[in-house]
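I sat down with this one and kept a few notes as I went. Here is what I looked up, entry by entry.

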Amino acid sequence: MPVLNPANGDVVASVRTYSETEIDEIIRKADAARHDWAAVTAKERSAILRAWFDLIILHREELAEICTRECGKPLAEARTEVDYAASFVEWYSEEAKRAYGETIPSFAVGKSIVVTKEPVGTCAAITPWNFPLAMITRKSAPALAAGCAIVIKPSEATPLSALALEALAVKAGIPTDVLRIVPSDDAPMVGKLFCTHPTVRKISFTGSTAIGKLLLEQAGSTVKRVSMELGGNAPFIVFGDADVDAAVDGAMIAKFRNAGQSCIGANRMLVQRDVHDLFVEKFVARVSALKVANGLEEGAQIGPLITDTAFKKVESLTDLALSQGASLAWGGSHHNAGAQFYTPTVLTGVAPDMDIARQEIFGPVASITSFQSEDEALRLANDTRYGLASYFYTRDIGRVARVMRELEYGMVAVNEGLLGTEVAPFGGIKESGLGREGSRHGMDEYLELKYGLIGGLGT
Ligand code: ADP
C-alpha cells in the first residue's frame with residue numbers, strides 16, 4: 001500500500017498490508033502472549049514502558065519527520081506531537097505500578113471481600129491520521145501497562161508513524177506479539193474482524209462518529225468493552241469581558257493547529273457583540289500572516305489537508321456558507337502551495353443553522369457568529385449532538401463557574417486554547433464518544449474489576 005505525502009502527492013514509502021487470515025492469526029498470537037505479559041511484575045512492565053519512552057525521545061527528530069511526511073503537519077507541530085505521544089508512555093509506565101484494588105468491610109463474620117483490577121485481555125484499536133503518533137500511544141501505553149495485548153490498525157493514510165513506534169517498542173523489550181500494528185487498505189474488513197472476533201475483549205476507536213456508531217453496533221454481537229473518541233463541534237466563546245488579545249492567541253491554536261484537522265478544534269467561534277469587531281480585526285491580522293507551506297519548510301504554520309476529498313469538503317462547506325449569507329473576512333480559496341492546501345479563512349455572520357456551524361469543518365476555516373447574552377451563548381454552544389471540547393474566555397469569576405457548569409461537554413478550557421495533556425481525562429459525551437483516555441481513568445478502560453469473596457475464615 002503506498003503512503004502519500006499530502007503536501008505534494010509523492011509516494012513516501014510502501015507498506016505491507018495484512019489479510020483477514022493474517023490478522024486473525026496475529027490476534028490469536030497476541031492472546032497467547034498476553035498471559036506471560038500480565039504475569040511479569042507491574043514494576044517490570046513499567047521499566048519496559050519507560051525504555052520505550054526513552055527511545056521515542058531519543059528518536060524525536062526522525063519520528064517528527066516521518067509524521068510530517070505522511071500527515072502533512074508542520075515539523076514544529078510534529079515535534080510537539082512526538083512529545084505528546086511520549087508523555088502517554090511515560091505516564092502509563094508510572095501508572096502500571098498503581099492499578100490498586102480495594103478491600104471492603106465484610107457483610108458477615110468469617111468472610112472477607114477483595115476487589116482486584118485485572119487486565120481486560122486482548123484489545124484491538126483503530127486510529128486516525130491526524131495525530132498518527134499520539135493516538136497509538138494513548139491507546140497502547142495504558143493497555144500494555146494494564147497487562148493487556150493490543151493489535152492496532154492505523155489509518156491507511158499514516159501507517160509509518162505507527163510502524164516506527166512499534167519498532168521502538170520491540171527494541172525496548174515489549175514482546176512482539178503483545179503489541180502489533182497491522183496496516184490495511186480494507187478498513188471495513190478489519191473493523192468487522194476486530195468487533196466480531198471471539199478473542200478480542202475490547203475495542204478502542206478514534207475517528208468519525210459515523211464509523212464509531214458502526215463499530216458499536218458490530219461490537220454488540222460479542223458484548224465487547226468499547227472506548228470511542230469521536231467527532232466534535234467545539235464552541236469557542238469570547239465574552240465581552242474577556243482579554244481579547246488572549247482570546248485571539250487561544251483561537252489561533254484552537255482553530256489552526258494541524259490546519260484545523262483536530263477533533264477538538266474550535267469549530268464555532270461565538271463572540272459577544274460588544275467585542276466582535278475588535279476580535280475579528282485582531283484575529284484576521286494574525287490569520288493573514290500565517291505561513292502556508294510544505295510542513296518540512298522552515299517556519300511553515302499551515303500544511304496541506306490530508307486528502308483531495310478532505311480539501312473538497314472544506315472548500316464546499318466554505319462556498320456554501322458564503323452562498324447562504326456569511327461574509328468573507330479573509331481567505332476563502334485554494335492556496336498555491338499545492339493541490340491540497342487551503343488558505344486560512346475567516347468567515348463572519350455565520351448563522352447557527354448553516355452547515356458550516358453544524359458539521360465538523362476539519363480545515364483552516366474559522367466560522368464566527370455573534371451573540372448578545374450569556375444565555376444565548378450557552379444555548380448556541382449546547383445546540384449540537386456533539387460534546388467533546390469547548391472553550392471560553394472571560395475575566396468574570398462567577399461566569400467561569402456558571403458557564404463551566406452549563407456547557408454540556410466532556411472537556412472545558414477556560415482562557416486556554418489547548419487542553420490535551422496526558423495527566424487529564426480526554427473524552428466526550430453525547431455523540432462524541434464513550435470512555436476517557438489519559439490520566440488514571442485511561443488505565444481503567446483496560447482493567448476489569450474482579451470481586452472476590454473469601455469465606456470459611458472463622459471468627
Ligand atoms: P477520519 O474522517 O478522521 O478519517 P474515519 O472514521 O473515516 O475518520 O477514520 C478513522 C479510522 O477509521 C481510520 O483508521 C480508518 O481506516 C478507519 N475506518 C474507516 N472506515 C471504517 C470501517 N468501516 N470500519 C472500521 N474502521 C474504519
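**Around the ligand**

I started with Glu-156: an N or O atom in its side chain is 2.5 Å from an oxygen atom of the ligand. I should say up front that this is a predicted model. Next I asked how much of the ligand the protein covers. On its own the ligand exposes 550 Å², and the protein buries 79% of that.

Then I went for other polar partners. Lys-153 has a polar side-chain atom 2.8 Å from an oxygen atom of the ligand. With Thr-127 I had to look at the backbone instead: one of its backbone N or O atoms sits 2.7 Å from a ligand oxygen.

Which residues come nearest to the ligand? I counted 17 around it, and the nearest are Thr-127, Trp-129, Lys-153, Glu-156 and Ser-208. I sorted that shell by class and got nine nonpolar, six polar and two charged residues. I also checked which elements the shell draws on: α7 (187-196), β8 (200-206) and α8 (209-220) each supply at least two of its residues.

**Two odd phi angles**

I remembered that most residues other than glycine have a negative phi. That made me stop at Lys-430, which is not a glycine yet has a positive phi of about 50°. I found Lys-430 in the loop between β16 (411-414) and β17 (433-434).

Is Lys-430 buried or exposed? Neither, quite: its relative accessibility is 38%, and partly exposed runs between 20% and 50%, so Lys-430 counts as partly exposed.

My second case was Ser-439, with a positive phi near 65°. This one belongs to helix α15 (residues 439-444). Ser-439 has a relative accessible area of 2%, and the cut-off for buried is under 20%, so I wrote it down as buried.

**The nonpolar core**

Last entry. I recalled that nonpolar side chains in soluble globular proteins tend to be buried together, and went looking for the largest nonpolar core. The largest one here has 130 residues. I wanted to know which members touch the most others, and the list was Trp-52, Ile-174, Phe-194, Phe-279 and Phe-283.

Which helix gives the most to this core? I got helix α4 (residues 75-95), with ten residues. I also checked the core against the domains: at least three of its residues come from domain 1 (2-230 + 432-454), and at least three from domain 2 (234-414).

Note on methods:
Residues numbered from 1 in each chain as written. Predicted model: local features only at pLDDT ≥ 70, side-chain atom pairs only at ≥ 80, totals over all residues. Heavy atoms only, no water. Near = heavy atom within 4 Å. Polar contact = N/O pair within 3.5 Å; in protein donor to acceptor, adjacent residues only side chain to side chain. Areas by Shrake-Rupley, 256 points an atom, 1.4 Å probe, with all protein chains shown as cover. Helix = DSSP H or I, 4+ residues; strand = E, 2+ residues; numbered from the N terminus. Nonpolar A, V, L, I, M, F, W, Y, C, P; charged D, E, K, R; others polar. Buried < 20%, exposed > 50% of the residue type's maximum accessible area, 1.4 Å probe, protein only. Core = buried A, V, L, I, M, F, W, Y, C linked by side-chain atoms within 4.5 Å. Domains from an automatic or database assignment.
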